[in-house]
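Dear colleague,

I am passing on the structure we spoke of, and my notes on it follow directly below. Please read them with the coordinates open beside you.

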Amino acid sequence: MRSLIESRLFTMIGCLLLGLCYLSDCRNSWAETPDQPNIVLIIADDQTYRDFGFMGNHEIKTPHIDQLAAQSARFVNGYLPTSVCSPSLATLLTGLYPHQSGIHYNHPTPGNGAFNRMTSRQEYEQIRSRAFKLIQSVDTLPRLLAAHGYRCLQTGKFWEGHYRNAGFTEGMTVFKPVPGQTFGGNRKLANGTLAAHGNGDWGLKIGRETMQPIYDFVKDCEQKSTPWLVWYAPYLPHQPHDSPQKYFDLYRNQPGVKKNEIAYYASCTQFDDTVGELIRVVEKESDAKNTLFLFVIDNGWTPGERPMQPRENYHHTKASKRSPFEDGLRSPILIRWDGKTKPMTHTELISSIDVVPTLLYAAGQGADAKRLPGVNLLPAAEGKATLPADRAVYGAIYPGDASSLGHPERDVAHRWVRQGNLKLITAHNANAQGKTWNSYTKGDVLYDVAKDPGETHNLIDDPDFQAQQQQLRNLLDQWWNPES
């Protein structure tokens, strides 16, 4: 018979074993819960989806982004809901379509020209600031992450005034003019007074003049063991294409490179170098396995034939930036999270509307992500799921100036939807002559963008496509009908 001491000893050992099993279960459960990865959101500014080595351009030199692509889940058929920077960037902040956030313009009322004619910086800032209430009143990626312990840094392109308006905890853009800055960020009023243009001001120094604010931020966050987000949206390869001479020399007298491509390609490679430098520092200062890199473009930009005043610069083609066509609307999306995502190519249709919910899910904030219209790309990026082959993606085109706040239906010029190989573009708000803003199309158009990527053969009256056309119209109206 066991002694009382032996019985108590066995009881203690049993309790200890049960406790160890409980702790083990807790650890396993904790290991299965979502992490809080650091996030580097890299946004190219005005670059056509084709113009990367990994996307098939053999003349352009983008080795660092190509390397990122090699390490990433590559979504090569990504789309943007619109083809100009301010509303496209707002989607990457809010996870909402422009007609949902209300940010469907580059310039709120009374418009860019009217702002330039003002003579008082105080009046300009007061009127321009009225639009900031839109971003202040909606959940944003940095605001939601900050509420869960993240520090969030804004750098580069940003149209929403002070960085705090969008919920960033730290940032560079403060809605103040930048004396001496020649590549963007400033607005000269009619009397010569300098004001902030509204597209990023001091933040536009990132990538063009310095990377130090990002490096200091990352080091400080790592020292304090704080999860962090970096919004890296440099004014590159955006015009002016004024890269250092060494980048121009890469493309001078090169077979396959046209004269009107030299300055643009130079800026693309300059941007690529900054991406490489950024990734190297992040890998050095933080744990790469706890860092998610996501790459996307804000809108496309293709050099045209009409020269501009700056050195070797050219105006963009009408079919790229601002347009409802492929050169303006498409973007590859790359997701690299070492140990989580699988490097492979995905050809299903996706949208930049998916970026915010994907990053929220990665940060363990699925409840916030479920309220958004986009989908979580992580299961596909991790090789655990397949995206639907029949998904439709949507968007709309607006003039650069808004006629009023809160009424995108008054300004929309085109809506578009793609499902499978077919893309329907509808026309809206035509003038008395039947022309829509910028006269991109004569009425509605339908293209097979797989067979006709240049969108030159309109199928809208082809009887063989009437049923599919009606299906696309129904999908588009279910998404958003501005006339309802």
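In this predicted model, domain 1 and domain 2 bury about 1400 Å² between them, and 65% of that area lies on carbon and sulfur atoms. On the domain 1 side, His 99, Pro 324 and Phe 325 supply 38% of the area buried against domain 2, which is more than any other three residues contribute. The domain assignment places domain 1 at residues 38-388 and domain 2 at residues 413-483, and their centres, taken over C-alpha atoms, are 28 Å apart. Counted by contacts, 14 residues of domain 1 meet 18 residues of domain 2.

As for the polar part of this interface, the rule finds one salt bridge across it, together with seven residue pairs in polar contact, both partners being at pLDDT 80 or more. By class, the side of domain 1 that touches domain 2 is made up of eight nonpolar, two polar and four charged residues. A salt bridge joins the side chains of Glu 326 and Lys 423, with 2.9 Å from N to O.

Turning to the interior, the largest nonpolar core comprises 52 residues, and those with the most contacts inside it are Phe 75, Leu 145, Phe 168, Trp 231 and Leu 294. Apart from that core lies another, of 30 residues, which includes Phe 52, Met 172, Tyr 215 and Leu 278. Leaving aside residues up to four places away in sequence, Phe 75 touches a set of residues that includes Ile 333, Ile 335, His 346, Ile 350, Leu 377 and Leu 387.

With best wishes

Conventions. Residues are numbered from 1 along each chain as its sequence is written. This is a predicted model: local features need pLDDT of at least 70, side-chain atom pairs count only at pLDDT 80 or more; totals for chains, interfaces and linings use all residues. Side-chain values use heavy atoms; hydrogens and water are left out. A nonpolar core is a set of buried Ala, Val, Leu, Ile, Met, Phe, Trp, Tyr and Cys residues joined through side-chain atoms within 4.5 Å. Buried means under 20% relative accessible area, exposed over 50%, partly exposed in between (1.4 Å probe, protein chains only). Contact means heavy atoms within 4.5 Å. Domain bounds come from an automatic or database domain assignment. Buried area is the accessible area (1.4 Å probe) that two parts lose on being put together, summed over both. A salt bridge is a side-chain nitrogen of Lys or Arg within 4 Å of a carboxyl oxygen of Asp or Glu. A polar contact is a pair of N or O atoms within 3.5 Å; within protein, one must be able to donate a hydrogen and the other to accept it, and residues adjacent in sequence count only if both atoms are side-chain atoms. Ala, Val, Leu, Ile, Met, Phe, Trp, Tyr, Cys and Pro count as nonpolar, Asp, Glu, Lys and Arg as charged, and the others, Gly among them, as polar.
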